[in-house]
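Q: Please take a close look at how the helices of this chain pack against one another, and at the aromatic rings and charged side chains around those contacts. I would like one connected account that I can follow residue by residue.

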Amino acid sequence: MVQFYDLVERHYRDSCDLAFFAGEMGVTTRTLTRLTVARTGLGPIELVNRRRAAEARRLLRYSNASVAQIADTLGFADVSYFSRFYMRMTGQRPSRDRHPATFGQYDNKC
């Protein structure tokens, strides 16, 4: 699993398929899937997608990059596909996560 997580960290922006990760590890796609499901309860592509979504959320919250720039950075050819991916993974639109409710609230205790 350590090797898989290392590969995910290096390639989550590259839109690699399952065969790429399995090949890099020297196992079949079926073996890789069995390994990740047994250890995490999730398939390998789901783990990659979760990493991509986490990076997207981080970039939306802590950078000034546009949604289009973030989509491009994460290997999405189309902004609308990125938006649908983000909505599916997080339950929110990218623009909604741009400025979470916790940011910008001030205490008037001056």
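A: In this predicted model, helix α2 and helix α3 are roughly perpendicular to each other, because their angle of about 90 degrees falls in the range of 65 to 115 degrees that counts as such. Helix α2 covers residues 18-25 and helix α3 covers residues 29-40, and their axes lie 8 Å apart. On the side of α2 the contact is made by L18, A19, F21, A22 and M25, while α3 contributes T29, L32, T33 and L35. Sorted by class, the residues of this contact comprise 7 nonpolar and 2 polar, with no charged residue among them.

F21, one of the α2 residues in that contact, has a relative accessibility of 1% and therefore counts as buried. F20, in contrast, is at 25% relative accessibility and so counts as partly exposed, given that buried means under 20%. A search of the whole structure finds 7 aromatic pairs, and F20 and F21 form an edge-to-face pair, because their ring centres are 5.4 Å apart and their planes stand at 75 degrees. F76 and Y81 also have paired rings, with centres 5.5 Å apart and planes at 45 degrees, so that this pair is tilted. F76 is buried, with a relative accessible area of 5%, whereas Y81, at 43% relative accessibility, counts as partly exposed. Ring pairs carry the picture further, for they link F76, Y81, F82, F85 and Y86 into a cluster.

Several residues of that cluster, including F82, F85 and Y86, reappear in the contact of α4 with α6. Helix α6 spans residues 79-90, and its axis comes within 10 Å of that of α4, the two crossing at roughly 105 degrees. The helices α4 and α6 are therefore roughly perpendicular to each other. From α4 the contact draws on E46, N49, R50, R52, A53, A56, R57 and L60, and from α6 on F82, F85, Y86, R88, M89 and T90. Its residues divide by class into 7 nonpolar, 2 polar and 5 charged, whereas the contact of α2 with α3 has no charged residues.

N49 offers a closer view of the contact between α4 and α6. This residue belongs to helix α4, which runs over residues 44-62, and with a relative accessible area of 13% N49 is buried. If its neighbours within four places in sequence are left aside, N49 is in contact with F85, R88 and M89, and these three residues are listed on the α6 side of the contact between the two helices.

Two arginines place their charged ends over aromatic rings. The charged end of R52 sits over the ring of F76, at 4.1 Å from its centre, and R52 is also one of the α4 residues in the contact with α6. The charged end of R51 sits over the ring of Y12, at 4.2 Å from the centre of that ring.

R52 also leads to S15, a residue in the loop between α1 (2-11) and α2. S15 is partly exposed, with a relative accessible area of 42%. Apart from its neighbours within four places in sequence, S15 is in contact with R52, L74 and G75. S15 and L74 are 59 residues apart along the chain, yet their C-alpha atoms are separated by 7.9 Å. The backbone at S15 deserves a look as well, since most residues other than glycine have a negative phi. S15, although not a glycine, has a positive phi of about 55 degrees.

Seen across the whole chain, these details belong to a fold with 7 helices and 0 strands, which reads along the sequence as α-α-α-α-α-α-α. Of the 110 residues of the chain, 30% count as buried, including F21, N49 and F76. Among contacts in the chain with a separation of 6 or more, 53% are accounted for by residues 24 or more positions apart.

Note on methods: Residues are numbered from 1 along each chain as its sequence is written. This is a predicted model: local features need pLDDT of at least 70, side-chain atom pairs count only at pLDDT 80 or more; totals for chains, interfaces and linings use all residues. Side-chain values use heavy atoms; hydrogens and water are left out. Rings of Phe, Tyr and Trp (its six-membered ring) pair if their centres lie within 6.5 Å; planes under 30 degrees apart count as stacked, over 60 as edge-to-face and the rest as tilted. Buried means under 20% relative accessible area, exposed over 50%, partly exposed in between (1.4 Å probe, protein chains only). A charge sits over a ring if NZ of Lys or CZ of Arg is within 6 Å of the ring centre and within 35 degrees of the ring normal. Axes are lines fitted to C-alpha atoms, for helices over the stretch in contact, and angles run from 0 to 180 degrees between N-to-C directions. Helices (H or I, at least four residues) and strands (E, at least two) are DSSP runs, numbered from the N terminus. Angles under 35 degrees count as roughly parallel, over 145 as roughly antiparallel, 65 to 115 as roughly perpendicular and the rest as oblique. Contact means heavy atoms within 4.5 Å. Ala, Val, Leu, Ile, Met, Phe, Trp, Tyr, Cys and Pro count as nonpolar, Asp, Glu, Lys and Arg as charged, and the others, Gly among them, as polar.
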